[in-house]
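Colleague: I am new to this structure and would be grateful for a close look at a single part of it. Please take the meeting of the two domains in the chain that is written first, and then add whatever helps to place it in a wider setting.

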Amino acid sequence: MLTYIGRRLVYSFIMLVLVSFVSFIIIELPPGDYLTQKLQELQARGDRSAEMRIEEYRARYGLDKPLMERYWIWISNFIKGDFGESFEYERPVAELLGQRLGMTVILALSTLLVTWVIAIPVGVYSATHQYSTGDQIITTLSFIGLGMPSFLLALLVLFFAVMVLDQDIGGLFSREFADAPWSWAKVWNLLKHLWIPTLIGAVTGTAGLVRIMRGNLLETLGQPFVEAARARGLKNRTVTWKHAVRVAINPLIVILGTEAFPSIIVGNTLMAVVLNLPTIGPLYINALVGQDMYMAGTILVFIVGMIMLGSLLADIALAALDPRIRLE
Amino acid sequence: MAEQNGAAEKEQISQSYWSLVWWKFKKSKTAVIGGIVVIAFYLFCGLLAEFVAPYTLQQQTEYLEARPQPIVFKNKEGNFSLRPAVYGLDEEIDMATRKRTYVVNKENIYPLRLFVRAEPYKLFGLIPMKIHFFGVNPDNSDAHVFLFGTDRLGRDIFSRIIYGGRLSLLVGLIGQALTLILGLSLGVISGYYGGSVDILVQRLTEFVTAFPREPLFMALAAAIPPKWSPIAVYFMLTLILAFVQWGGLARQVRSLILSLREQEYVLAATSFGASDSRIMFRHLMPGTMSHVIVILTLMIPSMILSETALSWLGLGLRPPLTSWGVLLQEVGSVRAIRFAPWLLIPVPFVLLAILSFNMLGDGLRDALDPYGGR
């Protein structure tokens, strides 16, 4: 077990180094860099000393050095916890990410909670009442929900809010609370805004989870040990929840690890853009558009790191929960 | 009842694989509906956009951000008539907001006609034509029909959605063709040869799939130089979408090939002296086709969606190219939604296209395995 984890960690580390390098290259790909844009901007404004100032910046950010050297500087500082400086905000990336991390995590966790609290019971109902009217409605709905992209859904919800309710639902706080210190009123205000992105973000996940849960449980319900439990005269409810669901739910841990865990960092980027949420996703898109490379690179490496960590954790948890699975 | 079933089964036995597939596919209503809608989309948007749309793609009218005209079944006298018509729009300046708005003028009524002569175009890019599927009387220069309103340059949104569908839907097809070539050939080679080739391809797919899809799309799309011509951007974008997608397909094809290559017919082919490439692409590949078709069909919607999302973010296609994502660029703000909500009309079209592809793919998945299941 320990050697397995050790091997996976070494493997993940090698992957991360490769991924960080490729990310760096991808973000480096567009012709010119942030400073060429900035130079044009300053020159357009008629700034005479523009070129000198840009050269200063270039030296400060190390942009005058060759690619490999820059990558080396970035990655060696990265390990020490210094992710470089954002060009656009002229502040350390770590600080900017830290500001938004809290809200991103809150949104991700609430979405996760809603998804699982809805999906598991619905999936169980759907499986235990197979081919009933309720099951057919659930199957149809989950089918539609699965193909429902959250950013288009967010646009539609925004439309509904603006046209019908005459309200702006964007953001996570009302204007008067945005910079206010934390108080109960602010928490209440957050909750009043939070439920909309939470529900929108939960649609696709819930639909997928319902389908998987239904499939898994149907398979489990047909197995001999369920029959045996019934034969012993246990109540239907006990058989379903204590015997079948416990087994059927195990594979879902993989989803928790590989999909839900990374979403803590990025969350639902596109929906966040539509609803103007202060999460990390929109920061990433801005960084890509503005060639703010240390920022974009850092976020990309973090996402990949979370995916690898998540799948490792999922495998370990699965092995711990399910005695049939052995790690080697 | 039982006898009937027995008869049906007997009939089935003598059927070929594909007729069984068709037989099972027809039984699923949702799949058939999905298939019909998909075909309709490709027919009307892909092939016949110029004919279906009453206006051409960039044709600007003097009506800026005009609201959609409702269709009424009335004639000039206000009595019921079978011929649908639209009311004319009159410009009006709202004194409070100092904004131009349009109000319906019930005095002017423009009956809709089929096969009207309007702007010339070339059907399939070859045949010069003037006839549009529907429109208003071309002799009356005041007459106009904007079923979904106009955008801020006065272009008819209905026409633009029809044209926009062409690029959006084509991204799916071209991208899938590329995914198919990459994923299928690498999967077959990896599964057939095994050994070091397999390990190499395996590591490559693992590496590609290690990246999160959405963020990788965005990073790669942002790397497209803004100075490129729109067409180059379009193909680059399709290439990127395909590049990110092929890993999953390659992996599934590989595992199929692993089981297929142990079959007797492969041994027979080998003993007849067939070359490796003949065995791989002539004998093994057809066996994976049914799975590949399903995977590809179910991947198309995510490609269409990715294109829409990227273009909407401003990372993908840009005007003058028109896709559904480009059309949605105009509704980035709450202001746009408040004052011109009809700009959101492309959204239902995207959703419909995605849903029908999913329905088709789901039905195909069941149908292509006609021997198993219910």
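Modeller: Between domain 1 of chain A and domain 2 of chain A, the count is 1 salt bridge. A:R8 forms a salt bridge with A:D315, and the closest N and O atoms of that pair are 2.7 Å apart. Please bear in mind that this is a predicted model. Across the same interface, 2 residue pairs are found in polar contact, both at pLDDT 80 or more.

The side of domain 1 of chain A that touches domain 2 of chain A draws at least two residues from each of α1 (2-28), α2 (34-44) and α4 (67-79) of chain A. Of these, α1(A) gives the most, with 13 residues. Sorted by class, this side of domain 1 of chain A has 15 nonpolar, 5 polar and 4 charged residues.

As for the bounds, the domain assignment of chain A places domain 1 at 2-79 and domain 2 at 93-325. The contact takes 24 residues from domain 1 of chain A and 19 residues from domain 2 of chain A. The C-alpha centres of the two domains lie 33 Å apart. Together the two domains bury about 1,900 Å² between them, with 73% of it on carbon and sulfur atoms. A:R8 appears here again: with A:I27 and A:W74, it supplies 30% of the area that domain 1 of chain A buries against domain 2 of chain A, more than any other three residues.

For the wider setting, the structure holds 11 salt bridges over all chains. One of them joins B:R166 and B:E50, whose closest N and O atoms are 2.9 Å apart. This pair links distant parts of the chain, since B:R166 belongs to helix α5 (residues 157-193) of chain B and B:E50 to helix α4 (residues 49-52) of chain B, 116 residues apart. B:R166 is partly exposed, at a relative accessible area of 22%, whereas B:E50 counts as buried at 13%.

Another salt bridge is formed by B:D362 and B:R365, with the closest N and O atoms 2.4 Å apart. Because B:D362 and B:R365 are 3 residues apart in helix α13 (residues 346-367) of chain B, about one helical turn separates them. B:D362 is buried, with a relative accessible area of 19%, while B:R365 counts as partly exposed at 40%. Salt bridges that share partners join A:R211, B:D362 and B:R365 into one network.

How values were computed
Residues are numbered from 1 along each chain as its sequence is written. Chains are lettered from A and ligands numbered from 1 in the order in which they are written. This is a predicted model: local features need pLDDT of at least 70, side-chain atom pairs count only at pLDDT 80 or more; totals for chains, interfaces and linings use all residues. Side-chain values use heavy atoms; hydrogens and water are left out. A salt bridge is a side-chain nitrogen of Lys or Arg within 4 Å of a carboxyl oxygen of Asp or Glu. Helices (H or I, at least four residues) and strands (E, at least two) are DSSP runs, numbered from the N terminus. Buried means under 20% relative accessible area, exposed over 50%, partly exposed in between (1.4 Å probe, protein chains only). Domain bounds come from an automatic or database domain assignment. Contact means heavy atoms within 4.5 Å. Buried area is the accessible area (1.4 Å probe) that two parts lose on being put together, summed over both. A polar contact is a pair of N or O atoms within 3.5 Å; within protein, one must be able to donate a hydrogen and the other to accept it, and residues adjacent in sequence count only if both atoms are side-chain atoms. Ala, Val, Leu, Ile, Met, Phe, Trp, Tyr, Cys and Pro count as nonpolar, Asp, Glu, Lys and Arg as charged, and the others, Gly among them, as polar.
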